Amino acid sequence: MAWDVLKAAEIIDAHRHLDGATLPVLRALQEAFGYLPEEATAQVADALNLSRAEVHGVISFYHDFRRAPIGRTSLKLCRAEACQAMGADALASEAAAKLGTTWHGTTTDGRVTLEPVFCLGLCSVAPAALVGDELVARADWPRLAAALDKCGR
Amino acid sequence: MSRTHRIFVPADSAALALGADAVAVAIADEAARRQLSVQIVRTGSRGMHWLEPLVEVETASGRIGYGPVGLADVVSLFEAGWLEGAAHALCIGAPEAHPFMARQTRWTFERCGVVDPLSWEDFVAHGGGQGLAQARALGAEATLAALIESGLRGRGGAGFPAGIKWRTVRETQANIRYVVCNADEGDSGTFADRMLMEGDPLALIEGMAICGFVVGARKGFIYIRSEYPRAIRVLEQALELARTRGLLADCDIELRIGAGSYVCGEETALLESLEGKRGQVRAKPPLPAHAGLFGKPTVVNNVLTLATVPSILVRGAAGYAALGHGRSRGTMPIQLAGNIRHGGLFEAPFGISLAELVDEIGGGTASGRPVRAVQVGGPLGAYFPRALFDTPLDYEAFAARDGLVGHGGIVVFDDTVDMVRQARFAMEFCATESCGKCTPCRVGSVRGMEVVDKIIAGRDVASNLALLEDLCHTLRLGSLCALGGFVPFPVLSAVRHFPQDFQRP
Ligand SMILES: Cc1cc2nc3c(=O)[nH]c(=O)nc-3n(C[C@H](O)[C@H](O)[C@H](O)COP(=O)(O)O)c2cc1C
Ligand code: SF4
Ligand code: FES
């Protein structure tokens with residue numbers, strides 16, 4: 001969704017009363033808009049009485065916050081040790097090849113963005129993935145492809 | 001129409017990721033087709049993850065389990081008469097009698113997998129709420145004494161005695177105090193916090209309420225990682241339920257979601273993050289117990305630490321303290337992960353050996369190949385070869401062998417693992433997750449990756465190994481927190497125990 005100052009102000013207002021509101025505010029904005037554009041920094045800084053540098057510092061610190069939009073579905077593949085022990089590296093290479101993209105990259109049709117994640121808590125049923133909202137255990141490419149199809153790939 | 005049959009289908013993330021929702025729908029459809037009245041109860045997981053989705057039916061002789069149930073099995077289960085507990089290829093009998101369960105001693109995970117996590121009636125029927133009642137009856141001082149007597153140490157990794165931390169917060173002069181639950185569970189190979197929050201969230205909430213009562217805090221926070229969407233949803237509902245039932249009357253709890261930073265699991269970085277800042281580690285002193293969240297005395301405890309408190313109060317501190325090994329008292333929820341045949345959650349008294357856990361209970365590798373290495377204690381934990389499998393699970397015994405118990409995760413690797421790659425990954429992870437405060441951690445980890453890359457390429461291996469040792473030495477001494485300070489554990493254990501992998505052709 002394109003940045004909308006009024007909508008953003010509404011979201012900020014809904015969270016500004018919280019102690020240490022910066023993260024909840026940024027999180028809610030990203031949920032609504034999909035990413036945090038330049039405009040977000042200034043508006044959040046003004047609303048929360050922080051400097052732009054401070055807000056920028058927070059956004060750039062956390063892996064979850066994005067400065068640019070991503071594809072329609074995010075495909076998160078676990079890269080951590082328990083999944084490595086079950087072939088996560090090979091799975092990631094296969095997925096990247098099949099999608100024709102790399103980590104943090106989006107397919108040319110704009111549908112899927114491939115993102116790394118470090119543990120989904122599914123380490124006993126590895127390798128693990130999160131496809132949109134769907135958790136996938138003992139993941140292989142056919143199962144990932146099927147989950148992507150469900151998201152209307 | 002005959003009686004209503006109760007069927008239990010886990011809604012734990014591991015079960016969901018293996019198709020439990022679709023199985024639940026298929027069971028309901030098939031029951032409707034057969035005009036049978038069924039009630040499907042969504043529970044947490046028992047922890048036998050290789051059997052998920054593990055579906056249980058309530059019979060005259062107790063609950064009977066069937067698993068792993070796939071969509072294609074549903075009709076045949078009904079055909080066989082599973083609602084009466086009939087035999088079937090997937091039948092495992094009574095779940096609690098299964099050898100994997102029968103060998104456990106559950107205190108923290110007593111209710112997990114048994115109850116509907118969002119049913120107050122289930123909670124109360126299984127002893128919920130009695131811990132807080134007991135604390136109120138004993139009073140704060142006596143409750144604190146019981147906690148100290150139990151020997152409970154923090155389950156987040158550092159193993160600090162919980163009772164001592166609570167006492168410090170209680171005795172620090174202040175107008176406001178806080179209880180913070182560390183639910184950041186960032187270590188690979190660990191999922192016990194997640195399972196507990198999804199399967200018995202009210203145990204955690206009750207533990208926090210007891211903590212608030214003892215230390216005099218009126219406000220609590222649960223800081224949970226964003227990678228746990230299911231646990232977040234369950235906790236939101238559980239907090240609402242707890243609020244309406246009065247469990248939060250004296251100490252309200254707010255749920256806060258992280259933003260994908262591993263170092264925010266470190267308690268002071270977590271507090272910075274809760275305050276709305278970058279998750280940078282604070283220098284100690286002051287301890288959070290003296291000046292924590294917003295500068296106020298704060299208890300920061302792991303999910304398991306807090307969730308174990310109610311059962312200690314109900315079942316008795318002496319009984320808990322009687323279990324264990326050396327200075328590691330009570331039980332540890334151990335997580336069997338990676339390349340393992342019988343992966344899942346196994347709660348047992350400290351003292352059990354790695355060999356028992358990996359070979360007997362875990363059944364060896366999933367791939368069927370020989371076990372070559374295990375990493376215990378997350379990404380900062382050491383890699384142990386078979387020669388060290390006699391190590392008992394005990395904080396001090398692991399430390400004596402340059403290892404970590406940490407949060408109790410055991411990741412198994414088979415003989416295809418290339419340990420030089422694991423050493424590289426440890427450095428890469430440290431570089432990615434460094435909070436940037438200390439130069440050795442921020443710069444040294446990147447340098448470490450480059451050095452390992454040279455070793456992988458077979459360039460000046462001997463001198464690069466010496467350089468790697470040097471770097472690790474600097475990291476150990478020059479880091480403010482355990483991210484930089486402990487990354488030498490996985491790196492140097494790989495070099496020491498698997499030297500052949502570092503000699504490239
Ligand atoms: C880099 C780093 C990451 C950590 N991550 C976690 C975590 O995810 N969960 C946790 O409970 N403790 C974690 N800890 C330990 C905490 O700093 C702290 O010791 C713990 O929350 C105290 O609670 P406990 O005494 O109940 O274990 C981490 C420590 C470090 C240095
Ligand atoms: S060791 Fe690394 S993560 Fe820890 S405080 Fe220093 S820079 Fe930050
Ligand atoms: S390591 Fe991949 S899910 Fe935990």
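**Exercise 1.** Which residues in helix 7 (residues 140-150) of chain B are buried? Find the side of the helix they occupy and the elements they pack against.

*Solution.* The model is a predicted one.

Step 1. A residue counts as buried when its relative accessible area is under 20%. In helix 7 of chain B, the buried residues are A140(B), T143(B), L144(B), A146(B), L147(B) and S150(B).

Step 2. Around the helix axis these residues cover an arc of only 160°, so they lie on the same side of helix 7 of chain B. As background, an α-helix has 3.6 residues a turn, so residues three or four places apart point the same way.

Step 3. The buried residues of helix 7 pack against several elements of chain B, among them helix 6 (130-138), helix 8 (162-171), helix 10 (201-215) and strand 11 (328-329).

Step 4. Just after helix 7 of chain B comes G151(B), with a positive phi of about 75°.

**Exercise 2.** Describe how helix 8 of chain B packs with helix 10 of chain B.

*Solution.*

Step 1. The two helices pack at an angle of about 45°, and their axes are 8 Å apart.

Step 2. Helix 8 of chain B and helix 10 of chain B are therefore oblique to each other.

Step 3. From helix 8 of chain B, W166(B), V169(B) and R170(B) take part; they meet G207(B), I210(B), C211(B), V214(B) and V215(B) in helix 10 of chain B.

Step 4. Sorted by type, the residues of this contact are six nonpolar, one polar and one charged.

**Exercise 3.** Into which domains is chain A divided?

*Solution.* Chain A has domain 1 (5-61) and domain 2 (73-150). Their C-alpha centres lie 29 Å apart.

Conventions: Residues are numbered from 1 along each chain as its sequence is written. Chains are lettered from A and ligands numbered from 1 in the order in which they are written. This is a predicted model: local features need pLDDT of at least 70, side-chain atom pairs count only at pLDDT 80 or more; totals for chains, interfaces and linings use all residues. Side-chain values use heavy atoms; hydrogens and water are left out. Buried means under 20% relative accessible area, exposed over 50%, partly exposed in between (1.4 Å probe, protein chains only). Helices (H or I, at least four residues) and strands (E, at least two) are DSSP runs, numbered from the N terminus. The arc is that of the directions from the helix axis to the C-beta atoms. Contact means heavy atoms within 4.5 Å. Domain bounds come from an automatic or database domain assignment. Axes are lines fitted to C-alpha atoms, for helices over the stretch in contact, and angles run from 0 to 180 degrees between N-to-C directions. Angles under 35 degrees count as roughly parallel, over 145 as roughly antiparallel, 65 to 115 as roughly perpendicular and the rest as oblique. Ala, Val, Leu, Ile, Met, Phe, Trp, Tyr, Cys and Pro count as nonpolar, Asp, Glu, Lys and Arg as charged, and the others, Gly among them, as polar.
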